[in-house]
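Trainee: I would like to practise reasoning about charged side chains. Can we go through a model together?

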Amino acid sequence: MLLVSTNYAPEHAGIGPYATQIAEHWADLGHETHVLAGMPHYPAWSLEPEYKGALQRTEQRAGVTVHRRAHTVPPRQTAVKRALFEGSILLHGSVAPPRMPRPDAVLAQMPSLAGGVLAARLAARWKVPYVPVVQDLMGAAAAQSGISGGDKAAAIAGRAEAYALKRATLVGVIHETFVERVVGMGVDPGRIRLVPNWSHVPKPSKPRGETRRHLGWGPGETVVLHSGNMGLKQGLEVLVGAARLDPKVRFVLMGDGSQRAALADLSADVPNLDIIPPAADGDFPDILAAADVLAVTQHAAVLDMSVPSKLTSYFQTGRPVVASVAAEGGTAQEVERSGAGVLVPPEDPEALLKAVRALAEDPEGADALGAAGPRHVAAHLSREAGLARIDALMDEALGGTRP
């Protein structure tokens, strides 16, 4: 098996953990598994020090052979820099494909446009089934996220997505809101399969009070935590605005991303907002569970191009979610489906703060709301169920061709 994913371990945020768990699952089943990946850089958009200067690298990780190819790493996101990033992935992967036996099938994790195109070309060369899994829609993302030059980028990205998707044996999508756009790119609806992401983190293991003391959060202090990528589409300015409105509520942004420096500048005079590095994998679930409220935010324009992977981790921790997102988008649907959160209008600091205060004033109700999250994970978002869906997708694509 070959999995093409620009993001892979040791990256611990975004789609990297999903790609890693799929590949390691295949290896555990006894399949010879290869991954074509980029150099670790996400979510900081900064190359990991041990990979600096490397053009190619082949690694063995948990029984998986990982073929890495160098690419540009833009610290700031513009349409031109993103195009150079994708172009460098496509160019290097084309001139230096992985040295491996002919696989039985190729799976691609998109939003990497270059990764999707590479996977489609490699599968065509080998004449084997090719299956992309759509995690984000990059054409829609360029139009909706506010990136500089987004309109032109959306048109180019849309054409690249259509190229990669129309050549697929089957197309997996992580959310039903993606289906209409995928069909609009010329994909037969009969070839689209729903393969939702799963919760890739374990349950919290430490008492909340112990973790709060370690982090310096007071026992009576209301803490609102956002974890994950700090990019344009997240619209994290709404949390800065909410923090300004009530200095008694502590807001914490945990993670990294292209907008981290800008957010630090914007919140320099806001003492009740902290920006902290990503947590170590072992501490991550406990830090999420130590917060009173977990926040997910998106610009109002973000509708059908992305469903944040952080939600599956949020639900696992048993804390209530406040979602500052468009009510008609996929993120809102997931929060409502879980029963573990409340929706507020996007880009509205006052509405977000009002929801946080309401939860703080009703701790029993907040606990009951949060408790719906682990139940939703157990019923629908377990790792076993998610990986079984991927296996079923590949089994179907391989029908009649597996040796």
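Mentor: Yes. Start with Asp-274. This is a predicted model, and in it Asp-274 has a relative accessible area of 22%.

Trainee: Why is Asp-274 called partly exposed?

Mentor: Set the value against the cut-offs. Partly exposed lies between 20% and 50%. Asp-274 has 22%, so it is partly exposed.

Trainee: What makes Arg-250 buried?

Mentor: Its relative accessible area is 18%. Buried means under 20%. Therefore Arg-250 counts as buried.

Trainee: How do you know that Arg-250 and Asp-274 meet in a salt bridge?

Mentor: Their N to O distance is 2.6 Å. The cut-off is within 4 Å, from a side-chain nitrogen of Lys or Arg to a carboxyl oxygen of Asp or Glu. The pair meets it, so the name fits.

Trainee: Why is this pair said to link distant parts of the chain?

Mentor: Arg-250 sits in strand β10, and Asp-274 in strand β11. They are 24 residues apart.

Trainee: What makes Glu-86 and Arg-82 a salt bridge?

Mentor: The N to O distance is 3.5 Å. That is within 4 Å, so the pair qualifies.

Trainee: How do you know that about one helical turn separates Glu-86 and Arg-82?

Mentor: Both lie in helix α2, 4 residues apart.

Trainee: And why is Glu-86 called buried?

Mentor: Its relative accessibility is 8%. The cut-off is under 20%, so Glu-86 is buried.

Trainee: Which residues do shared partners join into one network?

Mentor: Glu-176, Glu-334 and Arg-337. Within it, the side chains of Glu-176 and Arg-337 meet at 2.2 Å, N to O.

How values were computed
Residues numbered from 1 in each chain as written. Predicted model: local features only at pLDDT ≥ 70, side-chain atom pairs only at ≥ 80, totals over all residues. Heavy atoms only, no water. Helix = DSSP H or I, 4+ residues; strand = E, 2+ residues; numbered from the N terminus. Buried < 20%, exposed > 50% of the residue type's maximum accessible area, 1.4 Å probe, protein only.
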